[in-house]
Amino acid sequence: GTVQSKLMNVTKELTEMKKLHGESQVEIEDMTSARKKLDKDMEAMNDRLDELQTENQKLSRSKKKVQEELDDVSIGAESLRGQCTQLEKKQKKFDAQLTETKNLADRYQKEKDEADARARQAETKALSLSKSLEELEDKVEELDRVRKQLQYERDTLMESKDDVGRNMHGLSKTCKQLEAQLEEQKQTIEELE
């Protein structure tokens, strides 16, 4: 009975051991599977890390390029600011010259207007003097005609009258007066001319 009992116990233990062994095998398989999964995940993570590293390098290059472009733009902007300042100075200078030119033009216009006014006055005066000259020339002609008439009359009287002395004296006096007037008028004409 004892051997039978022992055999039963051994069989029981063996069964339990087999059961445990089976469970261990499942556990080992699960662990192996989990390890494989971890290895796969690790590989994926490494790949992603490499990608990120490459991306980071690209970004660094891009950043450097952008910085260089920014520096160029800054230099360009500085240059443009300088050009703007120069243009503003030129503009101010030009404005000043324009104002000066305008002032000169106004002054010349004023001088021209004044000269025109003087020219008109001179023309009016010249016309007036020309008229006066014509009038004086007419008077001179008239006086000359009267003088010639008187000379003729004097010559006639000298031939035809007895009282020559008295008539001669009167006529000579009149003649001298006329000649003096004529001389005066001629001088006036010369002055006008």
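The protein chain in this predicted model contains two helices and zero strands. Its radius of gyration is 70 Å, well over the 16 Å that the globule rule gives for 193 residues, so the chain is more spread out than a compact globule. The C-alpha trace tells a matching story, spanning about 230 × 20 × 15 Å along the principal axes. Buried residues account for 6% of the 193 residues. Among contacts between residues at least 6 apart in sequence, 71% join residues at least 24 apart.

Helix H1 covers residues 2–160. At 1.5 Å a residue, its 159 residues should span 237 Å, and the end C-alpha atoms are 226 Å apart, which agrees. The other element to keep in view is helix H2, residues 164–192.

Where, then, does the largest nonpolar core lie, and which residues make it up? It has nine residues in all: Leu133, Leu136, Val140, Leu143, Leu150, Leu171, Leu178, Leu182 and Ile189. Both H1 and H2 supply at least two residues of this core, and H1 gives the most, with five. For general background, nonpolar side chains in soluble globular proteins tend to be buried together. Leu133, one of the core residues, touches Ile189, Leu192 and Glu193, leaving aside residues up to four places away in sequence.

The buried residues of H1 include Leu133, Leu136, Val140, Leu143 and Leu150, and Arg147 is listed with them. An α-helix has 3.6 residues a turn, so residues three or four places apart point the same way. Arg147 deserves a closer look. Is this arginine buried or exposed? Its relative accessible area is 16%, and because the cut-off for burial is under 20%, Arg147 counts as buried. Not counting residues up to four places away in sequence, Arg147 touches Cys175, Leu178, Glu179 and Leu182. Of these contacts, Leu178 and Leu182 are also members of the nonpolar core. The side chain of Arg147 also makes a polar contact with the side chain of Asp144, at 3.1 Å.

Charged pairs form the next part of the picture. A search of the whole structure finds nine salt bridges, and three of them are described here, beginning with Glu51 and Arg48. The closest N and O atoms of that pair are 3.2 Å apart. Glu51 and Arg48 are separated by about one helical turn, because they are three residues apart in helix H1. Glu51 is partly exposed, with a relative accessible area of 45%, and Arg48 is partly exposed as well, at 42%.

Further along H1, the side chains of Lys102 and Asp106 meet in a salt bridge with an N to O distance of 3.6 Å. These two residues are four apart in helix H1, so about one helical turn separates them. Lys102 counts as exposed at 54% relative accessibility, whereas Asp106 is partly exposed at 42%.

Glu111 forms a salt bridge with Arg107, and here the closest N and O atoms are 3.6 Å apart. Both residues lie in helix H1, four residues apart, about one turn of the helix. Glu111 has a relative accessible area of 40% and is partly exposed; Arg107, at 47%, is partly exposed too.

Notes
Residues are numbered from 1 along each chain as its sequence is written. This is a predicted model: local features need pLDDT of at least 70, side-chain atom pairs count only at pLDDT 80 or more; totals for chains, interfaces and linings use all residues. Side-chain values use heavy atoms; hydrogens and water are left out. Buried means under 20% relative accessible area, exposed over 50%, partly exposed in between (1.4 Å probe, protein chains only). A polar contact is a pair of N or O atoms within 3.5 Å; within protein, one must be able to donate a hydrogen and the other to accept it, and residues adjacent in sequence count only if both atoms are side-chain atoms. Contact means heavy atoms within 4.5 Å. A salt bridge is a side-chain nitrogen of Lys or Arg within 4 Å of a carboxyl oxygen of Asp or Glu. The expected span of a helix is 1.5 Å times one less than its number of residues. A nonpolar core is a set of buried Ala, Val, Leu, Ile, Met, Phe, Trp, Tyr and Cys residues joined through side-chain atoms within 4.5 Å. The radius of gyration is taken over C-alpha atoms; the globule rule is 2.2 Å times the number of residues to the power 0.38.
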